[in-house]
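Please open the structure in your viewer and keep the sequence panel visible beside it. The tour proceeds by selection, with a short account of what is found at each stop.

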Amino acid sequence: MSNKQKLFLLIAVSTLIRLLAGGRIQLGNDEVYYWTYAMYPDWSHFDHPPMVGFFQQIFSLNLLYDSELALRLGFIISGSLSTWLLFLIGKEVKDERTGLLAAILYNTSIYGFVIAGLFIMPDGPLVLFWMISLLFFIKYQKATNKSQINLYLSLSILTASLGLYSKYQAVFLLSGYGLYWLFFKRDQLKNPLLYLNLGFTALVVFIIVYWNYLNSFSGVSYHSERVTVFSLDFNPDSFLRETVGQIAYNNPYNYIVILLALISFKKKRFIASEYFKLILLISLPLIGTTLFFSLFRDTLPHWSGVSFLSLAIIAAARLADREHNKVMTGTLIVIFALMLTGIGVVNRGWGLGSDSGQKENTKLGKNDPTLDMYGWDQVYDQYAFLEEKNNDLSDLPIVSNKWYPGSHLFYYVANPLRKSVYVLGEMKDMHKYYLINQYMPDLISGQSALYFTHSRNFKAPEVTMPDFFDKYTLLLEFPIKRGGITAEFGYFYLLEGYKMTNLEEQVKDLSNE
């Protein structure tokens, strides 16, 4: 079987598994929140640029098909395209075998296979545009005639800018190119077309900054708080979590072969020096920056995931010199098997046991993250049961204290029933709901609402809602069952006596504009 045949088999099997998972598992916390980017499209958003929303709109036909699979389809397809792009990049820097191994390393990475290749996350379009840009940049370096040079340069900068419009991490791709030019290819800085193309990048930056200006720089303030180091309070736990997380998200095997490839390059030049330097310049600064911030602030391991996928190209070039890579093949099989098993773990609770001995119902399922993607159809059924018993509840809006579970309530309960949903709290808890609230009808002083919380992350309304409502009454406590076992409990409360707040005044002001 040729390398291309193996690649197409890899893409086919990988895509099939992700399609199966995409249609069988309910949306996670982040995914259902990013659904609001498609529901309420904008030039930018509180947390990220808008590309994650555009992908959903395109592949769901502007939410005409609003199932989990339809919403995830663009990210599944981008994962398959990224696999193919890794093959093409590996082929450009060395040979087809390198490309095949790079494609395999992408699919053995939890970050590549799941986070960027299945889930509704900004990382899907980020990785896609990052890899397209890198491929064109390498072709640009190899081009000999002027028309090809200008074409590949333009396409590389354009797609890097689209990556920036997907997730801010793409700035490290562009800055990596800049460093490469500055250190090794200064003559290329004389090309006037470079600066013309950077005008598109400037336009993307302007759109993001202008949106923040119109929205009181809410997104800038939020991200500044996440990465500021002015306090310089050393946080060893965060650094350890980030380091271990990078290893886990990118697969320990991948992490080790990448590390060995970087160490062994001096002894054996298994890839052209210019490509080795280029990949280092676009990859290591993001990894180093993330690790640095983790010394002082809580960070997330997937922030640097795209850099490890780039470094996988170097690892693939080293592995290509070996006749057999049985460990890599075994790892790929294990990852695929784990993905299929994951469907059963989420939907049936395989191997998770039971917390039936938990004395407090309000803590049942607290340590089970898979419940984020399970049981929301049962929440809908219980809400319908409540309304059937009491018709007076049918006109009440739904309220949450945070963007999660607010987004799940919005997608699985409120939107199908055409009900209003509000997230009431501080800005750090509301995120985009600060603006979504303003699309909803005005809340009226003295109004009642329904409030939901669950034992997975129990938040009593008397703790979260005293600034907004006067009275709280538990209407229903119900079990959420998985595989015949109670996995967690859900709670619906009646909130009464809504108070006039600053939020209400903002809603009124904007609705009158």
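How many bridges join strand S4 to strand S5, and do the two run parallel or antiparallel? Select residues 471-482 for S4 and residues 485-496 for S5: the strands run antiparallel, and eleven bridges join them. Please bear in mind throughout that this is a predicted model.

**The hairpin and its sheet**

Display the backbone of this pair. Two residues lie between S4 and S5, which form a hairpin. In the turn, select Gly483, whose phi is positive, at about 60°. Two bridge pairs may then be picked out along the strands: Leu476 has Phe492 of S5 as its partner, and Thr473 has Leu494 of S5.

Widen the selection to the sheet that contains the hairpin. It is an open sheet of five strands in the order S2-S1-S3-S5-S4, and the pairing is mixed. Strand S2 (421-423) and S4 are the edge strands, each pairing on one side only. From one strand to the next, the twist averages 25°.

**Helix H18 against the sheet**

Which strands does H18 touch as it packs on the sheet? Strand S1 (398-400), S2 and strand S3 (449-454) are the ones in question, and the direction of H18 makes about 160° with that of S1.

Select residues 403-414 to show H18 by itself. The helix has twelve residues, yet its end C-alpha atoms are only 14 Å apart, short of the 16 Å that a straight helix would reach at 1.5 Å a residue. Eleven of the twelve residues are buried, and H18 is thus described as mostly covered. Among the buried residues are Trp403, Pro405, Gly406, His408, Phe410, Tyr411 and Tyr412.

For a contrast in span, select residues 305-319, helix H15. Its 15 residues reach 21 Å from the first C-alpha to the last, close to the 21 Å expected at 1.5 Å a residue. H15 is likewise mostly covered, with 14 of its 15 residues buried.

**The loop after H18**

Return to H18 and move into the loop between H18 and S2, where Asn415 lies. Is Asn415 buried or partly exposed? Its relative accessibility is 23%, so Asn415 counts as partly exposed. Leaving aside neighbours within four places in sequence, Asn415 is in contact with Trp35, Met39, Asp66 and Phe410. To see a separation on another scale, draw a C-alpha to C-alpha distance from Asn415 to Leu88: the two are 42 Å apart in space and 327 residues apart in sequence.

**The nonpolar core**

Phe410, which Asn415 contacts, also leads into the largest nonpolar core, being one of the residues with the most contacts inside it. This core has 153 residues, and Leu105, Tyr177, Val379, Val399 and Phe469 are also among those with the most contacts. Helix H7 (residues 123-142) gives the most to the core, with 13 residues.

Centre the view on Tyr177. Apart from residues up to four places away in sequence, Tyr177 touches Ser133, Leu134, Phe137, Ser156, Ala160, Leu278 and Ile282.

**Helices H8 and H10**

Next select Ser154, in helix H8 (residues 146-164), together with Asn197, in helix H10 (residues 192-214). Ser154 counts as buried because its relative accessibility is 18%, under the 20% cut-off. Asn197 counts as buried because its value is 14%.

Beyond the residues up to four places away in sequence, Ser154 touches Leu193 and Asn197. With its own neighbours within four places set aside, Asn197 is in contact with Ser154 and Ile157. Within H10, a polar atom of the Asn197 side chain lies 2.8 Å from the backbone oxygen of Leu193.

**The end of H14**

The last stop is Ser294, in helix H14 (residues 273-294). Ser294 counts as buried because its relative accessibility is 0%. The side chain of Ser294 reaches the backbone oxygen of Leu291 at 2.6 Å. Show the surroundings as well: leaving aside neighbours within four places in sequence, Ser294 is in contact with Asn235, Ser238, Phe239, Glu242 and Thr299.

Definitions and conventions: Residues are numbered from 1 along each chain as its sequence is written. This is a predicted model: local features need pLDDT of at least 70, side-chain atom pairs count only at pLDDT 80 or more; totals for chains, interfaces and linings use all residues. Side-chain values use heavy atoms; hydrogens and water are left out. A nonpolar core is a set of buried Ala, Val, Leu, Ile, Met, Phe, Trp, Tyr and Cys residues joined through side-chain atoms within 4.5 Å. Buried means under 20% relative accessible area, exposed over 50%, partly exposed in between (1.4 Å probe, protein chains only). Helices (H or I, at least four residues) and strands (E, at least two) are DSSP runs, numbered from the N terminus. Contact means heavy atoms within 4.5 Å. A polar contact is a pair of N or O atoms within 3.5 Å; within protein, one must be able to donate a hydrogen and the other to accept it, and residues adjacent in sequence count only if both atoms are side-chain atoms. The expected span of a helix is 1.5 Å times one less than its number of residues. Two strands pair if DSSP finds at least two bridges between them. Axes are lines fitted to C-alpha atoms, for helices over the stretch in contact, and angles run from 0 to 180 degrees between N-to-C directions.
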